[in-house]
Amino acid sequence: MTYCPFRVEGEERQSRFLITCDHATNTVPPKLGGTLGLPDGDMARHIAYDVGAAGVARALGTALGAPVVLSDFSRLVIDPNRGEDDPTLLMKLYDGSVIPANRHADAAERTRRLEAYHRPYHRALERLAARREDVVIVSVHSFTRQLRGRPARPWHVGVLHAWDARLSDPLIALLQAEPDLVVGRNEPYPGHLPGDAIDRHALKHGRLNTLLEVRNDLIETEAAQQHWGERLAGLLTRALAQVPD
């Protein structure tokens, strides 16, 4: 099969929602030799991809009748949720692990990976986002419960947003009303990086948006991913109904 750096599922679906998953897989493309020099244990960790996020994104897209755009390269190859000028675009060290294939990556290699992986993913995302004027972008991510040497994170789910919180505000309120959830606003990460995927495809176009971070130990299995996708679909639908026209 010919390698493609992204996948689109349910393109024919007609919902306003567009589901994205920037860190869907830990794939290292064939042109990079299929490996970054890391042991398999590291490639299975959160440093290489957002564990469980792709399954949640797919279940969410199905439940909402929405198309889903997923990357198909590890965030360690090049991070599609970073602007092209971001210094963390090619990570050389992440949560205690050195990435051998990135240690000596120069500007030419950075440009090659942008053109081969990062830019095609963003072109696909923009094409889907432009399919209707009232599109709502929901970006699905996951986070690890604890970074090495750091305190455990208490949240089950986080909602990240920048200045446009039209969808995030009602969604956070609905999530906080769920008795079994600890919910973070702009946790465990800040809600905005210049040039990130939401900035590029939503904020710069005035599109409704939110970014979901689900703790990855809660979505390790297919059944758990399906549960969270369906649960979030209902909450997102209710939150969107609260956004003024």
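Phe73 is buried, and its relative accessible area is 0%. I begin with this residue in what is a predicted model. Phe73 sits in the loop between strand 3 and strand 4 (93–94). Its ring pairs with that of Tyr117 in a tilted arrangement, with 5.9 Å from centre to centre and 40° between the planes. Tyr117 belongs to helix 3, and the two residues are 44 apart in the chain, so this pair links distant parts of it. Tyr117 also counts as buried, because its relative accessibility is 2%, under the 20% cut-off.

Tyr117 has a second aromatic partner, Tyr3. Here the geometry is edge-to-face: the centres lie 6.2 Å apart and the planes make an angle of 75°. Tyr3 comes from the segment before strand 1 (6–9), whereas Tyr117 lies in helix 3 (residues 107–129), a separation of 114 residues. Tyr3 is partly exposed, because its relative accessibility of 27% falls between the cut-offs of 20% and 50%. The count of aromatic pairs comes to two, and Tyr3, Phe73 and Tyr117 form one aromatic cluster.

One further ring deserves mention. Arg231 lies over the face of Trp228, at 5.5 Å from the ring centre.

Let me turn to the nonpolar interior. Which residues touch the most other members of the largest nonpolar core? They are Phe17, Ile19, Leu60, Leu175 and Leu236, in a core of 37 residues. Several elements give two or more residues to this core, among them strand 2 (17–21), helix 2 (53–64), strand 6 (136–143) and helix 4 (168–176). Helix 6 (222–241) is also one of these elements, and the largest share, seven residues, comes from helix 6.

Leu60 offers a closer view of the contacts. Leaving aside residues up to four places away in sequence, Leu60 touches Ile19, Val138 and Val140, together with Gly229, Leu232, Ala233 and Leu236. Apart from the largest core lies another core, of 34 residues, which includes Leu18, Tyr49, Leu89 and Leu160.

I come now to the charged side chains. How many salt bridges does a search of the whole structure find? The search finds 20, and I shall describe three examples.

In the first example, the side chains of Asp79 and Arg82 meet at 3.9 Å, N to O. Are these two partners buried or exposed? Asp79 counts as buried because its relative accessibility is 3%, and Arg82 is likewise buried, at 17%.

In the second example, Arg112 and Glu109 form a salt bridge of 3.3 Å, N to O. Both residues lie in helix 3, three residues apart, which is about one turn of the helix. Arg112 is partly exposed, with a relative accessible area of 29%.

In the third example, Arg132 and Asp134 meet at 2.5 Å, N to O. Arg132 is partly exposed, with a relative accessible area of 29%, and Asp134 counts as partly exposed at 29% relative accessibility. This salt bridge has a wider setting: shared partners join Arg16, Arg132 and Asp134 into one network.

To close, I return to helix 3. Tyr117 in this helix pairs with Phe73 and with Tyr3, while Arg112 and Glu109 in helix 3 are joined by a salt bridge.

Methods
Residues are numbered from 1 along each chain as its sequence is written. This is a predicted model: local features need pLDDT of at least 70, side-chain atom pairs count only at pLDDT 80 or more; totals for chains, interfaces and linings use all residues. Side-chain values use heavy atoms; hydrogens and water are left out. A nonpolar core is a set of buried Ala, Val, Leu, Ile, Met, Phe, Trp, Tyr and Cys residues joined through side-chain atoms within 4.5 Å. Buried means under 20% relative accessible area, exposed over 50%, partly exposed in between (1.4 Å probe, protein chains only). Helices (H or I, at least four residues) and strands (E, at least two) are DSSP runs, numbered from the N terminus. Contact means heavy atoms within 4.5 Å. Rings of Phe, Tyr and Trp (its six-membered ring) pair if their centres lie within 6.5 Å; planes under 30 degrees apart count as stacked, over 60 as edge-to-face and the rest as tilted. A charge sits over a ring if NZ of Lys or CZ of Arg is within 6 Å of the ring centre and within 35 degrees of the ring normal. A salt bridge is a side-chain nitrogen of Lys or Arg within 4 Å of a carboxyl oxygen of Asp or Glu.
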